[in-house]
Structures are given as structure tokens and as C-alpha cells.
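Student: Could you take me through one part of this protein in detail? I'd like a close look at the place where its two domains meet.

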Amino acid sequence: MQNIPELNPDDYSAIVFFTGAGMSAESGIPTYRGAGGIWHEYRWEEYACQDAFDVDPEKVLDFHELRRPKVLECNPHIGHEIITRIQRKHPSCWIVTQNIDGMHQRSGSRNVVELHGSLWRMRCSQHGISEDPSVRYQTRRCSICGNWLRPDITWFNDMLDAVVMEKAHNLINNAQLFITIGTSGVVYPAAMFPRLASDAGAKCVYINTETPGDESLYDIVALGKASEVLNGMFPLA
Ligand code: APR
């Protein structure tokens, strides 16, 4: 790992951590695209889009239900904890995450914007969203209309929730420090966020085990594992 510059969160009035699957990798949760990535083992066309759900809801629900015990076996790591500690001291520190695993919240973080939804919620197209945090789904059918419940997750070809997007945009537009961690940056619209932050004048930091596609967006590029880089970058947290 390279020498990591130290940052003091007190120097910034508004901070956004923008996280992807690489943030959870050290907890043991597989990423989507790298070695061992979920989309190498499973075709998203069969498991992670509305069309697949319409054709075979039980197959899609089985896939997502399988992920629940695997995620629950994993625990937040020191990187999650460092972000949580910074948040406790700075109410204007937010997390905008693409992750659906709930790992930030399990480490005690609040102020989490879940761009791509949550593995722990279900949704009826008629009757809205219900929490379902158990290892197995409590039910696969809506208690009111009997229709299939689908995971409240943004699948491929889905639109992102407009309210959630607006919240993320506002936070990023106002951020003084924007730190992107563990995302390949290939899935839009989230992939636009580093540019948005850079254009809005935030100090932009990149943390990843691999080099960024566009290095010019960042004031600091820190290559290494999320936990190790965060530990070196925020020694006072
Ligand atoms: N520390 C930091 N970065 C890491 C680590 C680590 N320990 N391990 C892996 N990475 C990086 C990889 O180099 C890669 O850039 O994490 C990134 C993971 O990329 P993806 O698997 O593409 O995950 P993500 O960017 O979150 O995917 C975006 O795609 O499939 C959809 O909806 C799904 O939210 C997901 C979205």
C-alpha cells in the first residue's frame, strides 16, 4: 500500500462517503464484477431484473433469499467503524451507498442513502414496501392482495427511486469532502457521482484496490483495501 495522506474530518463542513461492493469485500461479501464476483457465477438476466421476476418469481426470490444468511454470517470491518465514528462527531457526514447488504447500518451508521435499495425490504407493486430483516422471507406474497412481493432492490433496467436520487444529488452537490470507496463506477447513474462532486468543488478522494477509470476527477487516489486506507487516512477517528 502507498503512503496514505491523513485527513481531518473537522476541516470539512459536509462529508459524503460513496460506497460500493468493495466496501463490504473485506467483510466476506462477494463483489459483483471482480474475481469471485456474483455476476460471474449468476447471469443477472436470470436473477436480477424485472423480466426475470415476471417469468419465474420463485427462482429470483430463491436467489435473493440465499444471499441473506450469507450476508448475516459476515460482520462490518474496521473501515465501516471508522466511518461510523466520523459520523457520530459530524452530523453532516452522510453515506451514499450502492450496497444492499445493510452493513453500514449494522456497524452503527445512520444517515445512509441506499441508492439500490435493500436486501432486507420487500415490495408489492400495489401496496408498497415492508421491512423483512429475517434470514428467510417472512412471506413471499402481499398480505393484502396476494401478489408476489419482490425484493426492494434496484435491478438492472430499473429506474432509481426519484426521491432517493434527489437526496443523493443534494448531498453530493453540497459536499466539501467526497470519498468514493470500492466501486467499479460502471453502473449509472451512480457512476456519475464522482464527476458531480468534482464539478461542485468537493475535495474528491478515491479508495480502491484498482486504479480509477478517470484519475483526473480525484485530488487523492489511495490504492489499497478500504479498511487499511481508511485507517491510515483518518487516524483521529
Ligand atoms: N477495498 C476497496 N476496493 C475494493 C476491495 C477492497 N477490499 N475489494 C474490491 N474492491 C473494488 C474493486 O476493485 C472494484 O472496483 O470494489 C469494486 C467492486 O466493483 P463492483 O463489483 O462492480 O461493485 P459496484 O461498483 O458496487 O457495483 C455497482 O452494480 O450489479 C450492480 O446493483 C449492483 O450496486 C451494484 C452495482
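Tutor: Sure, let's start with the interface itself. Domain 1 and domain 2 bury about 880 Å² between them, and 60% of that is on carbon and sulfur atoms. Buried area here is the accessible area, found with a 1.4 Å probe, that two parts lose on being put together, summed over both. The size of an interface is often given this way, as the accessible area lost when the parts come together.

Before going on, a word on what you're looking at: this is a predicted model, where local features need pLDDT of at least 70 and side-chain atom pairs count only at pLDDT 80 or more, while totals for chains, interfaces and linings use all residues. Residues are numbered from 1 along each chain as its sequence is written, and side-chain values use heavy atoms, with hydrogens and water left out.

Now, who belongs where? Domain 1 is made of 1–29 + 76–116 + 159–237, and domain 2 of 31–73 + 121–153; these bounds come from an automatic or database domain assignment. Taken over C-alpha atoms, the centres of domain 1 and domain 2 are 26 Å apart. Domain 1 brings 13 residues to the contact and domain 2 brings nine, where contact means heavy atoms within 4.5 Å.

Next come the polar links. There is one salt bridge between domain 1 and domain 2, a salt bridge being a side-chain nitrogen of Lys or Arg within 4 Å of a carboxyl oxygen of Asp or Glu. Look at Arg-121 and Glu-114: their side chains meet in a salt bridge, at 2.9 Å from N to O. Across the interface, two residue pairs are in polar contact, both at pLDDT 80 or more. That term covers a pair of N or O atoms within 3.5 Å; within protein, one must be able to donate a hydrogen and the other to accept it, and residues adjacent in sequence count only if both atoms are side-chain atoms.

On the side of domain 1 that touches domain 2, the elements giving two or more residues are helix H1 (21–25) and helix H7 (103–106). H1 has the largest share, three residues. Helices (H or I, at least four residues) are DSSP runs, numbered from the N terminus. By type, that side of domain 1 has seven nonpolar residues, three polar and three charged. Ala, Val, Leu, Ile, Met, Phe, Trp, Tyr, Cys and Pro count as nonpolar, Asp, Glu, Lys and Arg as charged, and the others, Gly among them, as polar.
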